[in-house]
Amino acid sequence: MSEMFSMTDVTVCYDNVEAVRNVSLSVEEGQIVTVIGPNGAGKTTLLMAVIGLLASRGRMVFQGNDIGKMSVEDRVERRLCLVPEKRELFSDMSVADNLLLGSYSLRDRSGVQKTLDEVYDRFPRLKERQRQAAGTLSGGERQMLALGRALMAKPKLLMLDEPSLGLAPLIVREIFRTIASLRDLGVSILLVEQNARAALETADYGYVLETGEIVQSGPAKDLIHDPRLITAYLGGH
Amino acid sequence: MTSDIAAILAIDGIATGAVYALVAIGTVLIFTVTRVIFIPFGDIAAFTALTLAALDAKRFPGTGALVVILACLATLIEIVSLMRAGELRLLPRALFFYLALPLAVVGLAWVTMRADPPLAVRLVLALMLITPIAPLLDRIVFRPIADGTVLLLLTVSVALHFALVGLGLLFFGPEGVRTEPLTSLSTEFAGVLVSGQTMLIVIAALVFSGLLYLFFDFTLVGKSLRATAVNRTGSRLMGIRPARAGTIAYLLGSLMAGVSGILIAPVNTVFYDSGFLIGLKAFVGAIVGGMTSYPGAAIGAVGVGILESFASFESSALKDVIVFSLLIPILIWRSLASLHSEEEIEE
C-alpha cells in the first residue's frame with residue numbers, strides 16, 4: 001500500500017489559541033483511518049485544516065504533492081473531499097441537483113451519469129426523493145445525501161466529520177456499513193467520530209486526539225481492546 | 001380618472017416596471033452570489049444608453065476609454081495579488097481575462113464602428129462595451145474585501161456609485177440623450193394604442209427572465225451560481241470558486257442592466273447620472289422579493305413601475321416621494337416576516 005495522505009507537525013490556531021498542536025498522521029491507499037477523541041479535542045479543526053478552510057502550519061502531502069498552501073478548490077480538484085459535520089447541503093435545491101453539483105470539480109464529464117446511477121444504487125432512498133428539496137429530508141437522508149454528493153466527486157481521500165451525529169442508532173449502523181463498503185471502491189477515508197466504538201470497528205487504524213494533541217495511535221483492532229480507551233471512550237466494559 | 005386613462009397608465013407602468021424588473025433581477029443575482037448590493041447597477045444601465053447614443057451619432061463612446069482604464073487597473077491588482085500568493089504561473093490566464101479580452105472588445109468595437117454598422121450591430125457593440133465594466137469593478141473594488149460584512153460591502157458600493165457618476169460626467173459629458181425607437185410599429189390593446197417600443201420592453205423582459213431561468217435550472221454553471229448563493233462553504237467544498245461565480249454573476253447582471261438601458265433610452269432622456277433612480281427603484285422591487293427571490297423581485301419591480309406611472313399622473317412632482325415611501329411599509333413587513341431567519345442560520 002502506498003501513502004495517500006500525510007501530515008507532519010501540523011498546528012492550527014484560532015485567534016492565537018492553538019486548537020491543534022504538532023499533529024502528525026498518515027492515511028494509506030484504500031485504508032480507513034479514524035481520529036477519535038472527546039468533544040472540543042480539535043477533531044473538526046483538524047479536518048478543516050486538511051481541506052484548507054482553516055490556515056495551518058506544518059506539512060501536508062497528498063499523493064506526493066504539498067497541498068499546504070493550496071486553496072480549498074484546488075484541493076477538491078485533486079479529489080480531496082470533506083463531508084462536514086454540518087453537511088452543508090444546498091437546502092433549497094433538489095436532491096438530484098445537490099448530487100450533480102458534487103461532480104462539479106470533475107473535468108471529465110463522461111462518467112458523471114454512471115457515478116450518479118451508482119450513488120442511487122447505494123442509496124435507493126435518494127433516488128426516490130431526487131426531485132425533493134434537500135432541506136425537506138430527514139436527518140439520516142441528509143447524511144446519505146452528503147455522502148452521496150461527496151462520492152459524486154470520485155474522491156481519492158474522503159474525510160467524514162461525525163457522520164453519526166444526531167442520527168438514530170439504526171441509521172448510524174447503516175451509515176457505518178456504507179463507510180466500510182467504500183473501502184471496496186478503493187477510497188481512502190479519514191473518519192472523525194465521537195462514537196469511538198463504531199469508528200474503531202470500521203477503521204483499520206486509529207488516532208486518539210485530546211486537547212489538540214495525538215496521545216495514542218495504533219491498529220484499530222488493538223485500540224478497541226486498550227484498557228485506557230475502554231474506560232475513557234468505549235463505555236467502560 | 002377614466003378607465004381609458006387608467007389603462008394607458010397601467011400599460012405605461014408595466015413597461016417601466018419591466019425595465020426595473022431586469023435591473024432588479026440582476027441586483028438579486030449579484031447580491032445572492034456575492035452579498036454585494038450593487039448600487040452602481042443603474043449607472044451601468046444609463047451608461048449603456050449613453051454608449052448607444054454615441055454610437056448612433058458616429059462618435060466612439062467614452063465607455064471604451066473607461067473599459068481600458070479599468071482593465072489596466074484590474075490587471076495590475078491581479079498581478080500584485082498573484083505575486084503575493086506566489087502563484088505567478090497563473091499570470092497568462094490573468095493577462096488574458098483582465099487585459100487581452102477587455103482590450104479586444106474595445107478594439108473590435110472601434111474597428112466595427114468605422115464601418116458605419118446598422119442598428120442591430122450597434123446594439124451588440126453597446127452591450128459588448130458595457131458588460132466588462134462590472135466584472136472589472138468587482139476585481140478592483142470588491143474582491144479584496146469579499147469577506148467583509150454586508151454593511152461594509154454596501155458602503156463601498158455606494159461610494160463606487162458616486163465615483164462612477166463622476167466618471168460618467170467625465171466620459172459622456174453633461175448632455176442628456178434619447179435614442180431612436182427600436183421599432184415604429186404600434187398596436188391596439190383593449191382599446192388603447194400600445195407602441196411597439198412598449199411591447200418590445202415587455203417582451204425583452206420576459207425573454208431575458210426566461211433565459212435566466214433556463215440557465216439556472218438546466219446548466220451546471222447556473223446551478224453552481226445558485227449553490228454559491230445558497231451555501232458558500234458548501235459550494236467551495238464542491239470546488240466552486242466564489243470569485244469565479246461572482247464574475248459570472250456580474251457579467252450576466254450587467255448584460256441585463258445593459259438591455260434595460262437600451263430599452264429605456266428611446267422612452268426617457270438619459271443623463272450620466274440617471275442611473276441612480278433606475279437602480280434605486282429596481283432596488284425597491286428587489287426588496288419586495290426579500291433580495292433573494294427572482295419572481296418576487298420582478299413582481300415588485302413591475303409594481304413599482306405601475307405605482308410610479310399612476311403617481312406621476314396624480315402629482316408629477318411627488319412621484320419619486322410616493323414610490324420611495326412604499327419602501328417603509330415593505331421594510332416593516334419584511335422585517336416582521338423574517339423573524340425566524342436568525343434561528344435558521346444558527347442551525
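Author: Two strands pair if DSSP finds at least two bridges between them. Keep that rule in hand for this predicted model.

Reader: What makes strand 9 and strand 10 of chain A a pair?

Author: The rule asks for at least two bridges. Strand 9 (residues 205-210) of chain A is joined to strand 10 of chain A by 6 bridges, and the two run antiparallel. They therefore pair. One of the partnerships is that of Leu209(A), whose bridge partner in strand 10 of chain A is Ile214(A).

Reader: Which sheet holds strand 9 and strand 10 of chain A, and in what order do its strands come?

Author: An open sheet of 6 strands, in the order 6-7-8-3-9-10 (chain A). Its pairing is mixed. The twist from one strand to the next averages 15°.

Reader: Why are strand 6 and strand 10 of chain A said to stand at the edges?

Author: Strand 6 (80-83) and strand 10 (213-219) of chain A each have a single partner strand, so one side of each has no neighbour in the sheet.

Reader: How do you know that strand 4 and strand 5 of chain A pair?

Author: Count the bridges again. Strand 4 (residues 57-62) and strand 5 of chain A share 2 bridges, in the antiparallel sense. The cut-off is at least two, so they pair. Val61(A) stands opposite Asp66(A) in strand 5 of chain A. These strands belong to an open sheet of 4 strands, in the order 2-1-4-5 (chain A), with antiparallel pairing. Strand 2 (17-28) and strand 5 (65-66) of chain A are at the edges, because each has a single partner strand.

Reader: Which strands does helix 1 of chain A lie across?

Author: Helix 1 (residues 43-51) of chain A lies across strand 3 (32-36), strand 6, strand 7 (157-161), strand 8 (188-193) and strand 9 of chain A. Its angle to strand 7 of chain A is about 150°. Helix 1 of chain A also lies across strand 1 (3-14), strand 2 and strand 4 of chain A, running at about 70° to strand 2 of chain A.

Reader: What makes chain A as compact as a globular protein of its length?

Author: Set two values side by side. The radius of gyration of chain A is 17 Å, and the globule rule gives 18 Å for 237 residues. The two are close, so chain A is as compact as a globular protein of that length. Its C-alpha trace spans about 45 × 40 × 35 Å along the principal axes. Chain A has 10 helices and 10 strands.

Reader: How many residues of chain A are in contact with chain B?

Author: 19 residues of chain A are in contact with 15 residues of chain B. On the chain A side, helix 2 (72-77) and helix 3 (95-102) each supply at least two residues. By class, that side has 11 nonpolar, 3 polar and 5 charged residues.

Reader: Why are helix 2 and helix 7 of chain B called roughly parallel?

Author: Their axes cross at roughly 10° and come within 11 Å. Angles under 35 degrees count as roughly parallel. Helix 2 (residues 41-56) and helix 7 (residues 150-172) of chain B are therefore roughly parallel. Among the residues that meet are Phe47(B) in helix 2 of chain B and Leu164(B) in helix 7 of chain B. The contact has 5 nonpolar, 2 polar and 1 charged residues.

Reader: What makes helix 12 of chain B oblique to helix 13 of chain B?

Author: The axes of helix 12 (residues 275-288) and helix 13 (residues 294-314) of chain B come within 7 Å and cross at roughly 130°. That angle falls in none of the named ranges, and the rest count as oblique, so helix 12 of chain B is oblique to helix 13 of chain B. The crossing is right-handed. The contact includes Ala282(B) of helix 12 and Gly300(B) of helix 13 of chain B. By class, the contact has 9 nonpolar, 4 polar and 1 charged residues.

Definitions and conventions:
Residues numbered from 1 in each chain as written. Chains lettered and ligands numbered in written order. Predicted model: local features only at pLDDT ≥ 70, side-chain atom pairs only at ≥ 80, totals over all residues. Axes fitted to C-alpha atoms, helices over the stretch in contact; angles between N-to-C directions. Parallel < 35°, antiparallel > 145°, perpendicular 65-115°, else oblique. Left-handed = near helix turned anticlockwise from the far one by under 90°. Contact = placed C-beta atoms within 7 Å. Nonpolar A, V, L, I, M, F, W, Y, C, P; charged D, E, K, R; others polar. Rg over C-alpha atoms; globule rule 2.2 N^0.38 Å.
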